[in-house]
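Work through the exercises below with the sequence and coordinates open. Each task is followed by its solution.

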There are 2 protein chains.
Amino acid sequence: MHTLRADADLELVTIGTELLLGFTVDTNGAEIARVLSAQGVRVVRRTAVADRPEDIRQAIGEALRRTGAVITTGGLGPTRDDITKQIVADLFGAQLRFDDAVWQNLVERFRRFGRVPAASNRSQAEVPEGATVLPNRWGTAPGLWLEGAPGLIVMLPGVPLEMRKLLEHEVAPRFAARSAGRVIRSFTVRTTGVPESSLAERMGEIEPEIAPLTLAYLPGLEGVDLRLSVWGVSPDEADQRLRQAADLVTARAGEHAYGEGETDLAAVVLERARRRGLRIGTAESCTGGLVGGRLTEIPGSSDVYAGGVVTYSNELKTALLGVPPTLIEEHGAVSEPVVRAMAEGAVNRLGADIAVAVTGIAGPGGGSEEKPVGTVWIGLAGAKPAEARRVVLGGERHDIRARAVQTALFFLLRRLSE
Amino acid sequence: MHTLRADADLELVTIGTELLLGFTVDTNGAEIARVLSAQGVRVVRRTAVADRPEDIRQAIGEALRRTGAVITTGGLGPTRDDITKQIVADLFGAQLRFDDAVWQNLVERFRRFGRVPAASNRSQAEVPEGATVLPNRWGTAPGLWLEGAPGLIVMLPGVPLEMRKLLEHEVAPRFAARSAGRVIRSFTVRTTGVPESSLAERMGEIEPEIAPLTLAYLPGLEGVDLRLSVWGVSPDEADQRLRQAADLVTARAGEHAYGEGETDLAAVVLERARRRGLRIGTAESCTGGLVGGRLTEIPGSSDVYAGGVVTYSNELKTALLGVPPTLIEEHGAVSEPVVRAMAEGAVNRLGADIAVAVTGIAGPGGGSEEKPVGTVWIGLAGAKPAEARRVVLGGERHDIRARAVQTALFFLLRRLSE
């Protein structure tokens with residue numbers, strides 16, 4: 001039997017013509033690297049191959065010879081492009097056999113959704129002899145764990161939710177049981193409302209202070225994440241060093257640091273409003289409902305978020321929020337007086353204690369010299385006098401809207417903190 | 001000088017510790033593969049390395065020796081983890097020199113956003129001797145194109161928007177000028193409202209009919225995409241074969257096929273409503289504004305989409321939509337009578353000709369035997385008697401909400417088509 005070393009290296013083989021052509025983004029690779037690094041397992045290579053038997057055979061065979069430990073994703077679904085299991089069986093000198101337990105599970109799953117399996121689903125119940133079936137309660141294709149002379153191979157479905165669940169419940173615990181206590185760990189401090197270069201100035205000459213940890217700047221639509229990483233130490237030492245460095249980084253980022261790890265700014269806003277006993281309302285124009293969408297993505301948001309209006313037309317700004325038509329005529333829909341009136345209207349009409357309003361020019365059309373594409377006004381009302389702030393956001397329509405949502409949430413958080 | 005072959009192979013090297021640890025998903029790799037395949041350039045390998053000089057040097061060096069053509073992403077930003085240019089200059093035996101034009105462009109860009117460059121931005125104006133600067137109007141770090149004895153290297157920033165723009169405006173045209181007319185092309189038929197296995201049954205024994213084209217099933221939150229691909233033929237032949245196969249696939253998918261390529265269902269809905277001269281309104285509960293968000297993501301949606309309400313609380317269902325409280329008490333907020341009343345209220349209160357309403361249980365809490373998590377009611381009103389349909393959607397909160405939005409748009413499209 002192949003035994004994984006404590007500081008094990010592992011390769012990923014991602015199967016799917018769509019990945020090679022680039023029509024599908026491979027989120028699975030990142031997820032696997034992240035989860036397994038917490039067990040001290042390092043992904044040293046990723047290979048993407050098309051749905052062609054010879055390409056798959058070659059990629060898996062090479063990866064097994066190089067590293068002796070491989071995880072595959074994709075190639076297990078019900079359609080004709082799924083041939084991975086046969087190839088792995090061949091490589092391990094095993095036969096495929098029909099597994100009745102897998103089949104019964106699949107029939108039951110279909111029944112719950114009021115359907116019956118198609119004939120093309122039967123191949124999903126075939127497994128290589130000697131493989132451990134990793135039950136998939138979230139989809140139709142089980143994962144498979146197979147060890148033998150060529151090494152260790154773990155086959156996972158390509159559908160992200162199913163892959164993630166199997167990784168968490170079946171794969172990670174098996175690797176954890178083999179690791180000898182050395183880990184790769186990271187810790188993220190999330191910031192928003194400050195550009196990367198200004199943030200770097202705030203951090204100053206921090207590298208020597210945090211060595212041997214490393215710091216990476218990860219800009220995105222929600223702001224800049226600051227990622228601290230440490231390799232090859234014990235879990236306790238990793239946690240202690242990361243905690244110290246995170247405190248330093250957080251202090252230097254000031255009010256722009258809003259959370260740690262994968263914290264969503266929307267969750268921070270909801271929690272602060274909850275502590276203060278305030279109900280939130282939203283009034284959106286250019287973001288079209290996405291501020292409400294972000295807040296309600298958080299489970300349990302209903303006790304803090306009352307609701308909102310999407311007043312995309314000027315008529316609805318008046319009908320639903322009571323914005324005077326003369327105000328819109330005089331200043332335009334993207335203006336300080338209108339966004340103030342929207343926020344005040346939201347407090348009054350939605351039964352909210354505090355409200356945020358967003359109006360702006362997301363593009364590609366509608367910009368002018370005075371109000372270029374990316375101009376967004378954020379209004380706040382409730383709890384104290386209404387206020388408004390203007391920002392100019394970069395990117396295209398999608399990016400501008402996502403940044404406008406994040407800015408609205410950031411301003412809402414600041415008002416809740418005052 | 002290195003000359004790219006007509007059927008050129010190319011490697012990608014993605015730089016960033018965060019990619020190796022899996023905290024960031026590499027969308028750039030897919031984008032590059034997709035855009036360059038249209039020029040007959042095939043990405044044969046992707047490597048992700050950490051922000052460590054030796055790792056970067058090794059990965060780029062090996063890729064150049066193997067394939068002679070490399071695109072890097074990342075490692076060009078203003079912060080300390082950006083060391084790629086120095087390494088590439090070393091590999092090509094060149095010096096780095098300060099480029100004043102790049103610097104002036106950067107200063108101007110900062111000025112537009114009301115800022116001045118930080119000292120850490122100066123390194124972004126350094127370029128290896130002999131490199132062509134690819135101007136970046138969308139960010140601070142320019143791309144670089146360098147040819148020499150080791151081969152061809154193209155360095156692009158890692159920020160997705162900037163990478164995409166440079167790829168489209170600077171990189172793709174240069175590769176197109178070198179290709180000899182053989183292409184890799186794909187064509188997607190988008191379907192929704194039908195599971196993968198049922199779709200496969202509808203397609204039947206289609207492979208021999210479309211050979212040598214290949215067909216892949218790509219399930220996602222918006223439905224199942226059917227991707228047809230063809231390799232190594234002339235552009236005309238590729239287009240003709242893809243068109244024939246797409247027609248066949250579309251016919252077999254029936255009403256579930258709603259578009260081609262990257263068509264967004266929201267855009268199809270808007271276009272159909274525009275043709276019929278109907279204004280759309282939305283009333284959302286469990287989706288919290290995401291239906292409005294999808295519709296307004298489409299530029300020019302304001303002539304068709306009036307707006308909407310996010311009635312997350314029961315009180316707002318009554319106050320904003322006129323849903324009788326007794327109806328909610330008797331049947332619950334997730335029920336046929338309530339979703340009908342929401343849709344009817346949206347038509348009346350939003351000045352819309354047709355409205356879609358969504359109420360459901362997105363989880364993780366709130367499910368029951370009778371109404372499990374994933375239960376979603378979609379209501380439609382306007383233009384003819386109100387109607388409602390129930391679906392049970394799989395996945396976790398995020399997935400259920402995304403699927404609910406897509407289902408709402410699909411039902412809206414069907415009503416607009418009747």
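Buried area is the accessible area (1.4 Å probe) that two parts lose on being put together, summed over both. The model is predicted: local features need pLDDT of at least 70, side-chain atom pairs pLDDT 80 or more, while totals for chains, interfaces and linings use all residues. Residues are numbered from 1 along each chain, chains are lettered from A, and side-chain values use heavy atoms, without hydrogens or water.

**Exercise 1.** Describe the interface between chain A and chain B.

Step 1. The two chains bury about 7,100 Å² between them, with 57% coming from carbon and sulfur atoms.
Step 2. In contact (heavy atoms within 4.5 Å) are 87 residues of chain A and 88 residues of chain B.
Step 3. A salt bridge needs a side-chain nitrogen of Lys or Arg within 4 Å of a carboxyl oxygen of Asp or Glu; the interface counts 6. One of them joins K165(A) to E396(B), with 2.7 Å between the closest N and O atoms.

**Exercise 2.** Check the length of helix 15 (residues 397–417) of chain B against its expected span.

Step 1. Helices are DSSP runs of H or I, at least four residues, numbered from the N terminus.
Step 2. The expected span is 1.5 Å times one less than the number of residues, so the 21 residues of helix 15 of chain B should cover 30 Å.
Step 3. The end C-alpha atoms lie 30 Å apart, in agreement.
Step 4. As for burial (under 20% relative accessible area, 1.4 Å probe, protein chains only), 16 of the 21 residues of helix 15 of chain B are buried.

Conventions
Helix = DSSP H or I, 4+ residues; strand = E, 2+ residues; numbered from the N terminus. Buried < 20%, exposed > 50% of the residue type's maximum accessible area, 1.4 Å probe, protein only.
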